[in-house]
Amino acid sequence: MQFNLNYKNIYLVRHGLSTLNKRGYGRKKLTADLLPQGVIEAEKAARYLKTVPDSYNVSSDLPRCKQTAEIITRITGKSFHYDKRLTEYYHEAFTDFKKRVIAFLEGLSLIPENNIIICTHAAVIVAIKYLIIEHKVIFKNLSDEPLEGEIVVIKNKEFERISFS
């Protein structure tokens, strides 16, 4: 599986902190808002992203990602589109999750901008990273999740993590 993203710089932003529960979100998996620490993380990420030139910006439509994207917009002036394919991995078969992330990446191949900022959730970030770099993702890869507020930058099939927590 190949995506025509070789000359694009992809900035994968995990939303800021939105739960302090060590076991996850519980019933708030789809509705959790940013916590005050998450707002600070989003502001730090935004200051970093302010230097990214002309970019296509897209976000999950869940509240914590929307709030993170709104903070990035306020600080950088970069507005975001919302895409349901970037939503949290939740109550769906892994194969269905993988299909929607692949469909999203195929669409990115058509975007003319060389810089793409994506605000989303840990599992989606991991799937995108593995699909671009290794051309596949397996369920076991999902344990390689970034921290809240962290940015994973992919350039020329190389990646680096930038933490703001």
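The following paragraphs lead the reader through a predicted model, from one helix to the cores, the open and enclosed spaces, and three single residues. Because the model is predicted, local features need pLDDT of at least 70 and side-chain atom pairs count only at pLDDT 80 or more, whereas totals for chains, interfaces and linings use all residues. Residues are numbered from 1 along each chain as its sequence is written, and side-chain values use heavy atoms, with hydrogens and water left out.

A suitable starting point is helix α3, residues 94–108. Helices (DSSP runs of H or I, at least four residues) and strands (runs of E, at least two) are numbered from the N terminus. The expected span of a helix is 1.5 Å times one less than its number of residues; for the 15 residues of α3 this gives 21 Å, and the end C-alpha atoms are indeed 21 Å apart. Buried residues in α3 are F94, F97, R100, V101, I102, F104, L105 and L108, where buried means under 20% relative accessible area, exposed over 50%, and partly exposed in between, with a 1.4 Å probe and protein chains only. In an α-helix there are 3.6 residues a turn, so residues three or four places apart point the same way. The cover over the buried residues of α3 includes β2 (55–59), β4 (115–120) and α4 (122–133).

Helix α3 also contributes to the largest nonpolar core. A nonpolar core is a set of buried Ala, Val, Leu, Ile, Met, Phe, Trp, Tyr and Cys residues joined through side-chain atoms within 4.5 Å. This core has 30 residues, and those with the most contacts inside it are F97, L105, L108, I118 and I128. At least two of its residues come from each of β1 (9–14), β2, α3, β4, α4 and β5 (151–155), and α4 supplies the largest share, nine residues. Beyond its neighbours within four places in sequence, I128 is in contact (heavy atoms within 4.5 Å) with L12, L86, V101, F104, L105 and I118. A second, separate core has 20 residues, among them A45, I117, I151 and V153.

The model also contains open space. A pocket is an open set of points on a 1 Å grid over the protein atoms alone, with protein on both sides within 12 Å along at least five of seven lines; a cavity is a set of points where a 1.4 Å probe fits but cannot get out, and lining residues have an atom within 4 Å of a point. The largest pocket holds about 350 Å³, a volume being the space filled by probe spheres set on the grid points, which are joined across faces, edges and corners. Its lining has 17 residues, and R14, K29, E88, A122 and E145 lie nearest its centre. Two cavities of 30 Å³ or more are present. The second largest cavity, of about 40 Å³, is lined by L5, N6, K8, I10, I132, I154, N156 and K157.

N156 has a further feature: its phi is near 50 degrees, a positive value in a residue other than glycine. N156 lies in the loop between β5 and β6 (158–162) and counts as exposed because its relative accessible area is 59%. H135, in the loop between α4 and β5, likewise is not a glycine and has a positive phi of about 65 degrees. Its relative accessibility is 22%, so H135 is partly exposed.

Finally, P63 belongs to helix α2 (residues 63–76). P63 is partly exposed because its relative accessible area is 25%. Not counting residues up to four places away in sequence, P63 touches L30, T31, A32 and D33.
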